[in-house]
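Hi,

Here is the structure I promised to hand over. Please have a look, then read my notes below.

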Amino acid sequence: MNFATKTIHAGQPSEPETGSLIAPIFQTSTYEQDAPGQDKGFNYSRTNNPTRQRLETVLAELEGVQYAALFASGLAAENAVLQAYLRPGDEIVIPTDVYGGTYRILNKVYAPIGVTIKQLDIANRAALQAAITDRTKLVWIESPTNPRLLVYDIVDICRLAHAKSALVVVDNTFATPYFQQPFELGADIVVHSVTKYLGGHSDTIQGAALAKEASVFEPIKFLQNATGAVPSPFDCWLTLRGLKTLELRMQRHEENAIAIANSLKGHPLVRQVYFPGLPEHPGHEIAKKQMTGFGGMVSFELEGTIEEVVAFCSSRRYFTLGESLGGVKALLCHPATMTHASIPAETRAELGLSDTLIRLSPGCENAKDLVEDLLEGLTLLDHQRRTQKVAAASAH
Ligand SMILES: Cc1ncc(COP(=O)(O)O)c(C=O)c1O
């Protein structure tokens, strides 16, 4: 079955009792049993639910494995993996560029219980090799990363981690299984903020953790039920609906991202554009090797002040200023004050996360409209600067 067919058919037969083409939302907390302990495969909706099971089946198929567990958010999925694999005294290696919430849970929840977090530029192979020790339980990466869209060589990272018996977790939220298959590249665990492209419509919060091996998955699955951060049947149904157009949406997101990256590149008010599809992007060759496309996100640094960044972000017509990404409606965000505000300013500076970085999540709108919206913002900024210059000159 090819990818688009899987998104529509895998785990989603018509409902057997009525023939309903789209299965109903099994909005129930519990299930009638034939005799004590004899159920029809479901006994309580924290443990399992038919709507959730459908979504877990299709996500597993899309990532090319057997095991998927859904959670009430991406961070709940991350927490299940961290809780399953980290004990006091253990180490985890993470890259410099990592989602702010991942940084926060590690530093505020796991560091205080004695887990060592090693954050480094994992593109530096020698530094990465030295950082992975016998105490390293997890090497946790995103690729492309949030927010600078850096790309890491997943095959090589897996080789280094496995040499020390560490598991590799890939947060595949930005690429989605449409553009990248981390398990084929050697990953042991994949996590998703399902909230983003998989849901695709900015109307649900969910997460997923998937594994290739039953033994790796078992402790995560146990925590899904034992700690209980599960999504509602309605949320799962929304994602089942959204997922059916994943291929179409990802193609459009990427087309829009390419058009935007090319229009921003070389603009005098743009210091740098981050998009793995640009040949000058440092991860371009790796992306070509390990992805089937470059994704739908673009970030750029404005050549300007924080005030100008704020003015630009707050005044776009089609790019709504807001947290999150991956929906059909375009969003933009200012990582330093929004998604990555939980990283202290000094640390952000050390990590190279500029305060003038703007992250764009082009939706499925028309590319021309999105490009015009951004260029209009830059023209406005340029105009304001000129007006201020004239006003300052005439005041002297
Ligand atoms: C790359 C990445 N991973 C994980 C998360 C967390 O997901 P959620 O917001 O669904 O908890 C996010 C959220 O922005 C993200 O961007």
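An open sheet of 5 strands is the place to start in this predicted model. Its strand order is 8-9-12-11-10, and the pairing is mixed. The edges are held by strand 8 (270-274) and strand 10 (320-321). Each has a single partner strand, so one side of each is left without a neighbour in the sheet.

Look at strand 8 and its partner next. Strand 8 runs antiparallel to strand 9 (residues 298-302). The two are joined by 4 bridges. Want one to find on screen? Glutamine 272 has glutamate 301, in strand 9, as its bridge partner.

Now the whole chain. The protein chain has 14 helices and 12 strands. What does its radius of gyration say? The protein chain has 22 Å, which agrees with the value near 21 Å for a compact globule of 396 residues. Along the principal axes, the C-alpha atoms fill a box of roughly 90 × 50 × 35 Å.

On contacts, take pairs of residues at least 6 apart in sequence. Of the contacts between them, 73% join residues at least 24 apart.

Then burial and surface. Of the 396 residues, 54% are buried. The accessible surface of the protein chain is about 16,900 Å². Carbon and sulfur atoms account for 54% of that surface.

Last, charge. The protein chain carries 43 negative and 35 positive side chains. The centres of these two sets lie 2 Å apart.

Best wishes

Conventions. Residues numbered from 1 in each chain as written. Predicted model: local features only at pLDDT ≥ 70, side-chain atom pairs only at ≥ 80, totals over all residues. Heavy atoms only, no water. Rg over C-alpha atoms; globule rule 2.2 N^0.38 Å. Buried < 20%, exposed > 50% of the residue type's maximum accessible area, 1.4 Å probe, protein only. Contact = heavy atoms within 4.5 Å. Areas by Shrake-Rupley, 256 points an atom, 1.4 Å probe, with all protein chains shown as cover. Lys, Arg positive; Asp, Glu negative; His and termini not counted. Charge placed at Lys NZ, Arg CZ, Asp CG, Glu CD. Pairing = 2+ DSSP bridges.
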